[in-house]
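Please look through the sequence and the model below before reading on. The paragraphs after it are meant to be followed with the structure open.

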Amino acid sequence: MTISCIIIEDEPLAMARAKDFVQKVPFLQLLQTFDNGMDALVYLKSEKVDLFFLDIQMDEFSGIHLLESFQQRPAVIITTAFNQYAIKGFELSVADYLLKPYTFERFMQAVIKVYDAIRQIKISVANFIFIKTEYRLEKIMLNDILFIEGMRDYRQIHTKEKKIMTLETFKDLEQKLPSNQFVRVHKSYLVALDKIELIERDRIKIVAAFIPISESFKEHFYKHIAK
């Protein structure tokens, strides 16, 4: 997944640093940069962007003014040398607040937070996934998936109608599936929460199958279903 972004920053050195950091991240696509909020506002009125990095302290049209111009807006990461704007930023539901001079590590923490949030939104909107099987991509409705079983080099997806074999890893599949609906319970099993009929003695019953809950996944699983 690629995240499109813009940078709004009126300090040349800070702009250069932000561009350098963005270009180091493979999943960030920098569309445009702006040294003032008004030009950025005009751009955002007509162009779709997933994320913008926003300096607060700018002449004439500040970052706060820009934020307040939108009822619905992309994800925002504030970048500023002034910490007094933190409360206002979070009142406006910004994704994160980077205090200059910020490190690349801190930058990545903010970007990954946005990446995960956008990914979950995109997954939750879709009600299907495509799975690589043999020489084709097969569409599978999320509601049809019962559980996924590891079988040596393959994963077998058990659905209401059939079983589908794929070489995609559990990691690949977990990235495609919404984490609030599908949970790993064993190194060899991932289950659909809404298909669980009962849980007894650390075993899950789904239709006719009894799926073990391993020690390494037990705590995570029970915390998940307790939410």
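What follows goes from the nonpolar cores to a sheet and then to two buried residues.

The model is a predicted one, and a convenient place to enter it is the largest nonpolar core, which has 22 residues. Within this core, I3, L28, L51, F53, I77, F107 and V111 are the residues that touch the most other members. Two or more residues each are given to the core by β1 (3-8), α1 (12-23), β3 (51-55) and α5 (104-125), and of these elements α5 supplies the largest share, with 7 residues. In soluble globular proteins, nonpolar side chains tend to be buried together.

F53 shows how such a core member is surrounded when its neighbours within four places in sequence are left aside: it is in contact with C5, I6, I7 and I8, with V22 and L28, and also with I77, F107 and V111. Separate from this core there is a second one, of 17 residues, and I8, F34, F52 and L67 are among its members.

The next stop is a sheet. Three strands form an open sheet in the order β13-β14-β15, and their pairing is antiparallel. Because β13 (198-200) and β15 (209-212) stand at the edges and have a single partner strand each, one side of each is left without a neighbour in the sheet. From one strand to the next, the twist averages 30°. Strand β14, which covers residues 203-206, is joined to the antiparallel β15 by 4 bridges, and across this pairing R203 stands opposite P212 in β15.

Two single residues remain to be considered. L66 belongs to helix α3, residues 63-68, and with a relative accessible area of 0% it is buried. Although L66 and G37 are 29 residues apart in sequence, their C-alpha atoms are 6.2 Å apart in space.

R184 is found in strand β11, residues 182-186. Is this arginine, R184, buried or exposed? Its relative accessibility is 15%, and R184 therefore counts as buried, since the limit for that class is under 20%. Polar atoms of the R184 side chain lie close to backbone oxygens, at 3.0 Å in the case of H186 and at 2.8 Å in the case of K187. Beyond the residues up to four places away in sequence, R184 touches F170, E174, Y189 and L190, together with F217 and H220.

Note on methods
Residues numbered from 1 in each chain as written. Predicted model: local features only at pLDDT ≥ 70, side-chain atom pairs only at ≥ 80, totals over all residues. Heavy atoms only, no water. Core = buried A, V, L, I, M, F, W, Y, C linked by side-chain atoms within 4.5 Å. Buried < 20%, exposed > 50% of the residue type's maximum accessible area, 1.4 Å probe, protein only. Contact = heavy atoms within 4.5 Å. Pairing = 2+ DSSP bridges. Axes fitted to C-alpha atoms, helices over the stretch in contact; angles between N-to-C directions. Polar contact = N/O pair within 3.5 Å; in protein donor to acceptor, adjacent residues only side chain to side chain.
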